[in-house]
Protein chains: 4
Amino acid sequence: MANKKIKVGIVGGTGYTGVELLRLLAVHPQVELAAITSRGEAGMPVADMFPSLRGYVDLVFTDPASANLGTCDVVFFATPHGVAMSQAKALLAAGVKVIDLAADFRLQDIAVFEKWYKLPHSCPDILKNAVYGIPELYRQQIKNAQVIGNPGCYPTTVILGLAPLLEQGLIDFSAPIVSDSKSGVSGAGRKAEIGTLFAEASDNLKAYGVAGHRHHPEIHAQLTQLADDKLDLIFVPHLIPMIRGMLSTIYVKLTPKGNSTDLQALYEKRYEQERFVDVLPAGSLPETRSVRGANNLRIALHKQADTGYLTLLVVQDNLVKGAAGQAVQNMNIMFGFDEAAGLEVVPLLP
Amino acid sequence: MANKKIKVGIVGGTGYTGVELLRLLAVHPQVELAAITSRGEAGMPVADMFPSLRGYVDLVFTDPASANLGTCDVVFFATPHGVAMSQAKALLAAGVKVIDLAADFRLQDIAVFEKWYKLPHSCPDILKNAVYGIPELYRQQIKNAQVIGNPGCYPTTVILGLAPLLEQGLIDFSAPIVSDSKSGVSGAGRKAEIGTLFAEASDNLKAYGVAGHRHHPEIHAQLTQLADDKLDLIFVPHLIPMIRGMLSTIYVKLTPKGNSTDLQALYEKRYEQERFVDVLPAGSLPETRSVRGANNLRIALHKQADTGYLTLLVVQDNLVKGAAGQAVQNMNIMFGFDEAAGLEVVPLLP
Amino acid sequence: MANKKIKVGIVGGTGYTGVELLRLLAVHPQVELAAITSRGEAGMPVADMFPSLRGYVDLVFTDPASANLGTCDVVFFATPHGVAMSQAKALLAAGVKVIDLAADFRLQDIAVFEKWYKLPHSCPDILKNAVYGIPELYRQQIKNAQVIGNPGCYPTTVILGLAPLLEQGLIDFSAPIVSDSKSGVSGAGRKAEIGTLFAEASDNLKAYGVAGHRHHPEIHAQLTQLADDKLDLIFVPHLIPMIRGMLSTIYVKLTPKGNSTDLQALYEKRYEQERFVDVLPAGSLPETRSVRGANNLRIALHKQADTGYLTLLVVQDNLVKGAAGQAVQNMNIMFGFDEAAGLEVVPLLP
Amino acid sequence: MANKKIKVGIVGGTGYTGVELLRLLAVHPQVELAAITSRGEAGMPVADMFPSLRGYVDLVFTDPASANLGTCDVVFFATPHGVAMSQAKALLAAGVKVIDLAADFRLQDIAVFEKWYKLPHSCPDILKNAVYGIPELYRQQIKNAQVIGNPGCYPTTVILGLAPLLEQGLIDFSAPIVSDSKSGVSGAGRKAEIGTLFAEASDNLKAYGVAGHRHHPEIHAQLTQLADDKLDLIFVPHLIPMIRGMLSTIYVKLTPKGNSTDLQALYEKRYEQERFVDVLPAGSLPETRSVRGANNLRIALHKQADTGYLTLLVVQDNLVKGAAGQAVQNMNIMFGFDEAAGLEVVPLLP
């Protein structure tokens, strides 16, 4: 029933993925926002915290204890890591689907999860049936999933950027895959920290997490699965003085077959049915603002003449295709809606 | 017929008001984008210039000569001053309505127009029947208008900010009205100029146009008409290192009656039926990002304790309520559509 | 002895005024940096916190208890309000001069201080002899002072902007003085707070403190003293998405004599001997970046044709002439150095 | 004679490298600014174009024809490519040394120069004796040079970043060297172009020049010379929404010997006598703002655990060590001054 509305709950709506979910869901034609919880802000109208939502969202933050999330059809977790797994069991028992925007259901290897997130995993059985929520790769599984581990922002760019090559076995793994990735500051979340103050992060640039970033194992696991082979990954994220936007510049060594393949055609064919993945014309230089506020991800391919290497440029809005937008896309699939419902937001440029 | 689509043309779509019209009209349920003209870029797909529109707008820029605008229901002019008045007559004769986002139809006093814009006015008769397009003040006239002079960005903030006081005669004109106004850099347009380069305008702030700005006579004329009295206006615009957004901080001396009136209540009542004017709770400090990308304008009132003065804070997105959004709002009224059609865009925050 | 070096201590060097003092003092020819204290960061090399100082400052943060500040010639307090007054007595007893960059010694009216800063003043006797550190007004008193209350950033712009008019009695106080002031985000300090995060403060603009800001009483007290008369002040600060820089746009009603005076000449004459106050040519529009990193303050005057009002544009770097630079200028005067010693830093543009 | 002042001329002072030379030279103790030329702006005081220089530079732009540059000791060319080579012969004949900040004297291979710059080289004989101006590599030659080809901004980071490895033969050239480089927008120069407008370049990120950038052959030539071997280079520059600052993230495959060498120690030793090259402690993440406005270049090394690759992070201010500062450093060496004279500018942070 395309016109039936589902009841949606959001746990932890005071961060950037929370407000972004609200922005998208507030005008989603098949969604009724039923509850949004925050331990710290219970009683405060959402629009007092996010004045952009005045006139669009009338909800008040409620205490998690009294939110009655069990009556929802689906609950999004826009929370710190570890929260979703503590509540998933009860929700599933009540017939509620779960979409976690944190990392609880992204990594199937529990040892890896526990090493990087310093948390014991409390529901390995649920994890086993959770689906990694990249629709362009796992649409069928998402359709039937009860629990979605919504991908990290960086992983979305690298995985979708490389999937066509990996599926066809065109990367030579004798060299590591290098992803030099860049993110706007909103990726650090809405947390009071000195390093992301305007006066610290503006007119400035730095790499971070070079010695190890939590998205490394996530990307590595997904690439390995797609490759069905062992591979090395060098992943260096950078903090860019912009609010939103993400660009991964990816360097891969092609196999001889990769070198002789028309990769532009391969990519265009692979993604031609995908509403949110846009393979740009040969020679393009995608800008992050071309997807600002929207669920689109754009890819450009550049052969590096004599070297046998390919450079990929992949852009997205880290808060949309990299987080809340992809989560809504997953929801649409889970409930049989038009996959683009609520996501026809034209990017904001300038 | 709410579902009938009208044919819309845009003249001069290569600037920021042009791309903004396209952003809004591309998903407007009752609009068919029929043509977009550009002398310089004829033949280029719009989405090549504005990659944000890939997947949303398939149009190609056409030469004005061959655009066949006479078959449109309405034509927007997102052009330099002087273009709309040169084409209005022919379009009107063909039964096409005209919405000019430049200044050709804003100033009823031709001498003032010619002084400030250094152009002779070529169609005073059309001007006489043109309507100044602020729906919250002139909705009835807009409904029946053939030609709309869409207001300047700064004027929209000052006029809507002061209208309730002026309508009630609560300002003491023995002191000038002071509008200290601030705009994001997109207000300067998409023109190759050194002063608005990133490396010049970023991390920087300045006033400009202090000796005289074209919006001064426009604001002055509108305020005078609303006041039905003579008044002095000091208007000082400032260039702010942000892409979009406008804040006017307005200082007015209240009459004794103004001082004893519950102004908060007055404003809330005056605008309670207005979808796009939001009177904030007493004590509020509106942020420009609270309306980023959206057609909303927000007002906050602050009594200056012992001085008898009132400070008004008025924010809008200069490209939306200050330009393209208000133009679409006018179009909706002219064609009997829901006034908010195509304008239910939730502001983008962060 | 122009070549003798003095020993300088800094209390609380982990904020922006602290690092700014270090930037200036590290290359001051007559200064030996003796100690910098921080309770929280004792043991950390200063250059680890502020990598810009690598190669220029070898000091390690020391605990206040062990810093032995009594051996210094002068101690700067770059601390929260209330710290300087708790330590001033002991330092003065040891013959150490004190320059407080916080508010402890700015307001001679203790009741006003206590109302705005919510602190009892612990040393009214010292306060009585403290000098308000604007060299261009109080150079003689500074020369002999033991304690300087270094002015707030906003007050410096408004006071120096209006001093020539006030000294000559050219402002008509029947209307309030309006200062619409704008500051870069560094003015909020180096504190972990959500409101000044990059993703919150960037591409955004707002007024704040409209209902009352601590610099209001400070400005009001100084203007009143210069005017030797009662006057009303409306002061509205705004947060601008730039790191540094401050612009006050000041609107004043002139007396008849003020209207007939050559104000440009008056200002040029008043400040012609001042190394750091620059009266711009008539018609100028000063930019904040024209003083980035430097101790200069620039003023432009604009008569508002028929209104009898004058608009002043005053720019400075809020961290330099608005804080640390002015403090060093005061130090130079107190010790008989060239007033510009260590302050010949050419502004950084672009 | 360390205290004798030399006469300095600047050709083409209206761009960013020009104003930056002026900023540094205005307070250089051994420099007398004799002339600055601009065809377009002859007669305009320099401080009218760059108000930051008010009070520091009294010069007026003069027409190149009347500038009498032959009386200078050294002339800097802050001009488009091709200008320096047209004037070098006459200046050298007059005994004037030449430092070109454009590309005329950077590439010894004339065919390569002509391919990338689309200009015939007009003085191959002068080029042959020109020295590539990286003091840390070619100090002796610079000392005796008459003509300096001042390096490009990107090349400075990559060459100094890799020199210690190349000198020791520690890079395995079976894989390409990848430099993913990022620059602030000032690198595009002070030219009226749409792509670098604030409203285009702000809150945005993109790669550019992927198909070929003029700094590629320059870097390649220098690396090849240092390696004395053939090598592949992938160089992808990115435009970052900040005014100044440059970061190259460089990925290299180490030889077995490289993998077993203490590279941190190697780098520290290699650069320990260098005033302007700073090898950061192991694990550091350099920020571009740590060198804002200063001539320092900072390097951090990160071994990529199991991959046999090394990641280097190299930051500089693109306008200082990447252009004008390095040019002044070269001048200091050519005239026997302290190499750091005029360059002891503490970086501006925040």
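How many residues does the contact take from chain A and from chain D? In this predicted model, the contact takes 40 residues from chain A and 40 residues from chain D. On the side of chain A that touches chain D, at least two residues each come from strand 7 (177–184), helix 8 (198–201), strand 8 (206–207), strand 9 (233–240), strand 10 (246–253), strand 12 (297–304) and strand 13 (309–316) of chain A. When the residues of this side of chain A are sorted by class, 22 are nonpolar, nine are polar and nine are charged.

The arrangement of these two chains can be described by a superposition, in which a turn of 180° and a shift of 0.0 Å along the axis lay chain A on chain D with an RMSD of 0.0 Å. The two copies are thus related as by a two-fold rotation axis, and the same surface serves both of them, since 100% of the contact residues of chain A recur in chain D. Among the residues of chain A, the one that comes closest to the rotation axis is A:P241, whose C-alpha lies at 3.1 Å.

Chain D also meets chain C, in a contact that takes 27 residues from chain D and 27 residues from chain C. The element that gives the most to the side of chain D that touches chain C is helix 1 (residues 16–25) of chain D, with three residues, and by class this side of chain D has 14 nonpolar, six polar and seven charged residues. Here too the copies can be superposed, because chain D falls on chain C with an RMSD of 0.0 Å after a rotation of 180° with 0.0 Å of shift along its axis. Of the interface residues of chain D, 100% are also interface residues in chain C, so the copies meet through the same surface.

Within a single chain, the fold of chain A comprises 12 helices and 13 strands, and its C-alpha atoms fill a box of roughly 60 × 45 × 40 Å along the principal axes. A compact globule of 350 residues would have a radius of gyration near 20 Å, and the value of 20 Å for chain A agrees with this. Of the 350 residues in chain A, 60% are buried, and among the contacts in chain A with a separation of 6 or more, 72% are between residues 24 or more positions apart.

In chain C, six strands form an open sheet with parallel pairing, in the order 2-1-3-4-6-5. Strand 2 (31–37) and strand 5 (131–132) of chain C stand at the edges and have a single partner strand each, so one side of each is left without a neighbour in the sheet. Inside this order, strand 4 (residues 97–100) and strand 6 (residues 147–149) of chain C run parallel and are joined by three bridges; C:V98 has C:V147 in strand 6 of chain C as its bridge partner.

In soluble globular proteins, nonpolar side chains tend to be buried together. The largest nonpolar core of the model holds 472 residues, of which A:V75, B:V75, B:I299, C:V75 and D:V75 touch the most other members. Apart from its neighbours within four places in sequence, B:I299 is in contact with B:G161, B:Y267, B:V277, B:V279, B:L280, B:L312 and B:V314.

Notes. Residues are numbered from 1 along each chain as its sequence is written. Chains are lettered from A and ligands numbered from 1 in the order in which they are written. This is a predicted model: local features need pLDDT of at least 70, side-chain atom pairs count only at pLDDT 80 or more; totals for chains, interfaces and linings use all residues. Copies are superposed by least squares on the C-alpha atoms of residues with pLDDT of at least 70 in both. Two residues are in contact if their C-beta atoms, placed from the backbone, lie within 7 Å. A nonpolar core is a set of buried Ala, Val, Leu, Ile, Met, Phe, Trp, Tyr and Cys residues joined through C-beta atoms within 7 Å. A residue is buried if 20 or more other C-beta atoms lie within 10 Å of its own, exposed if 12 or fewer, and partly exposed in between; C-beta atoms are placed from the backbone. Helices (H or I, at least four residues) and strands (E, at least two) are DSSP runs, numbered from the N terminus. Ala, Val, Leu, Ile, Met, Phe, Trp, Tyr, Cys and Pro count as nonpolar, Asp, Glu, Lys and Arg as charged, and the others, Gly among them, as polar. The radius of gyration is taken over C-alpha atoms; the globule rule is 2.2 Å times the number of residues to the power 0.38. Two strands pair if DSSP finds at least two bridges between them.
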